[in-house]
Amino acid sequence: MVIDCHGHYTTAPRALEDWRNAQVANLATPERGPKPSDLRIGDDELRESIEGNQLRLMKERGSDLTIFSPRASFMAHHIGNFQTSATWAAICNELCYRVSRLFPDNFIGAAMLPQSPGVDPRTCIPELERCIKEYGMVGINLNPDPSGGHWTAPPLSDRYWYPIYEKMVEYDIPAMIHVSTSCNPCFHTTGAHYLNADTTAFMQCLTSDLFSDFPTLKFLIPHGGGAVPYHWGRFRGLAQEMKKPPLQEHLLNNIFFDTCVYHQPGIDLLTHVIPVKNVLFASEMIGAVRGIDPETGHYYDDTRRYIEAAAISDAERFQIFEGNARRVFARLDAVLTQKGQ
């Protein structure tokens with residue numbers, strides 16, 4: 001089985017974006033709506049949005065199951081207030097849940113949290129619990145920067161975030177550390193802000209003793225870990241200067257990386273530098289990089305071919321494609337085991 005741990009609903013029917021635009025237009029006058037009930041998307045529209053896009057590409061490229069969450073750049077937690085985010089998150093999570101019900105063998109949900117700048121993370125817990133208990137979702141996306149590129153929240157190691165971590169441990173779910181769109185013109189959303197955040201999240205953990213407080217907490221850092229694998233020597237050296245344990249002991253029981261690195265040399269470096277037990281297969285398809293690489297003739301985000309070509313053993317390839325995902329997403333493993341898979 002090939003499990004893609006990083007998929008977003010980027011192909012949702014246009015009605016969703018229209019509803020969001022109306023919500024944003026009426027931020028100062030929310031009594032004008034729209035109400036959640038004003039959004040009407042039928043099952044046939046959901047099927048059409050998936051069958052010709054993600055599901056078609058999964059079949060063509062040879063992946064079986066995608067952990068599916070709302071579109072990351074559309075989370076836009078910096079817009080409006082907590083109620084704005086709470087309503088938006090609930091709608092987006094419900095759509096992902098409906099997709100998982102329509103295609104139970106191919107998609108399983110991960111939740112967007114209703115974060116809002118300066119708002120206590122405890123406010124996210126009711127939506128987190130709803131998604132786990134009612135929708136059977138197996139993970140969450142946690143935005144370390146709800147301000148959208150201005151970094152006004154405390155670092156991930158701060159006790160500010162602990163209420164969410166306590167729930168993650170309680171439900172045995174990992175968090176993908178994933179920012180949303182950038183409203184800071186200095187940072188391109190997918191070319192800079194995403195990779196900055198991946199690197200920043202890792203460094204925030206490195207400087208802290210977070211995983212001493214939460215030994216079973218699991219973070220999945222997407223996009224190949226940003227700059228982390230490429231600068232592994234720098235991070236090892238910084239940890240040494242700070243009198244921290246070796247990174248394998250300090251962080252690699254809790255931090256994992258995906259394979260959303262869109263060329264062979266990047267995957268070769270990732271699998272050479274980072275222990276394979278910490279690498280999970282992902283494509284973020286259909287996502288930010290949708291074109292065909294003229295050097296190879298293949299889509300950049302057709303990431304399975306990079307893993308197939310990497311100089312690793314078959315056992316290591318199995319770990320990346322399936323084994324590690326089932327270990328990190330314990331609730332996913334339970335679902336698959338119950339199905340006899």
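# A tour of the sheets, helices and pockets

Start with strands S1 and S2, the latter spanning residues 65–70: five bridges join them, and the two run parallel. Keep in mind that this is a predicted model.

**Stop 1: the three-stranded sheet**

Select Tyr9 and look across to S2. Its bridge partner there is Pro70. Now add S3 to the selection. The three strands make an open sheet in the order S1-S2-S3, and the pairing is parallel. S1 (3–9) and S3 (107–109) are the edge strands; each has a single partner, so one side of each lacks a neighbour in the sheet. Turn the view along the sheet to follow its twist, which averages 35 degrees from one strand to the next.

Is S1, at its edge position, mostly covered or mostly open? It is mostly covered: seven of its seven residues are buried. While the strands are on screen, recall a general point about side chains. In a regular strand they alternate between the two faces of the sheet.

**Stop 2: helices on that sheet**

Select residues 82–102. This is helix H5, which lies across S1, S2 and S3. H5 runs at about 160 degrees to S2. Next, select residues 330–338, helix H15. H15 also packs on the sheet and touches S1, S2 and S3. The direction of H15 makes about 135 degrees with that of S2.

**Stop 3: the second largest pocket**

Keep H5 shown and find the second largest pocket, with a volume of about 220 Å³. Thirteen is the count of its lining residues; select Gln23, Pro30, Gln83, Thr84 and Thr87, which lie nearest its centre. Two elements give two or more residues to this lining: helix H1 (14–25) and H5. The largest share comes from H5, with three residues. Colour the lining of the second largest pocket by class: five residues are nonpolar, eight are polar and none is charged.

**Stop 4: Gly42 and the H2–H3 pair**

From H1, follow the chain into the loop that leads to H2. Gly42 is found there. Gly42 has 32% relative accessibility, so this residue counts as partly exposed. Draw a C-alpha distance from Gly42 to Pro13: the two are 9.7 Å apart in space and 29 residues apart in sequence.

Now select H2 (residues 43–51) together with H3 (residues 54–61). These helices pack at an angle of about 35 degrees, and their axes are 4 Å apart. Which residues of H2 and H3 make the contact? Ser49, Ile50 and Glu51 of H2 do so with Gln54, Leu55 and Arg56 of H3. By class, the residues of this contact divide into two nonpolar, two polar and two charged.

**Stop 5: the six-stranded sheet**

Move on to strands S4 through S9. The six form an open sheet in the order S4-S5-S6-S7-S8-S9, with parallel pairing. S4 (111–112) and S9 are the edge strands, and each pairs on one side only. Zoom in on S5 (residues 140–142) and S6 (residues 175–177): three bridges join this parallel pair. Select Asn141 to see one bridge; its partner in S6 is Met176.

**Stop 6: Asp301**

Select Asp301, in the loop between S9 (279–280) and helix H13 (304–309). Is Asp301 buried or exposed? Its relative accessibility is 4%, so Asp301 counts as buried. Show its contacts beyond four places in sequence: Asp301 touches Arg61, Tyr262, Ser283, Met285, Gly287 and Val289. Then bring Thr66 into view. The C-alpha atoms of Asp301 and Thr66 are separated by 14 Å, with their positions 235 residues apart along the chain.

**Stop 7: the largest pocket**

Stay with Tyr262, a contact of Asp301. Tyr262 also belongs to the lining of the largest pocket. Select Leu195, His223, Cys260 and Val261 with Tyr262: these lie nearest the centre, among 18 lining residues. The space in this pocket comes to about 370 Å³. Helix H8 (189–206) and helix H12 (264–273) are the elements that give two or more residues to the lining. H8 gives the most, with four residues. Finish by colouring the lining of the largest pocket by class: 11 residues are nonpolar, six are polar and one is charged.

Terms used:
Residues numbered from 1 in each chain as written. Predicted model: local features only at pLDDT ≥ 70, side-chain atom pairs only at ≥ 80, totals over all residues. Heavy atoms only, no water. Pairing = 2+ DSSP bridges. Axes fitted to C-alpha atoms, helices over the stretch in contact; angles between N-to-C directions. Contact = heavy atoms within 4.5 Å. Buried < 20%, exposed > 50% of the residue type's maximum accessible area, 1.4 Å probe, protein only. 1 Å grid on protein atoms, 1.4 Å probe; cavity = no way out; pocket = protein on both sides within 12 Å on 5 of 7 lines; lining within 4 Å. Points joined across faces, edges and corners; volume = space filled by probe spheres on them. Nonpolar A, V, L, I, M, F, W, Y, C, P; charged D, E, K, R; others polar.
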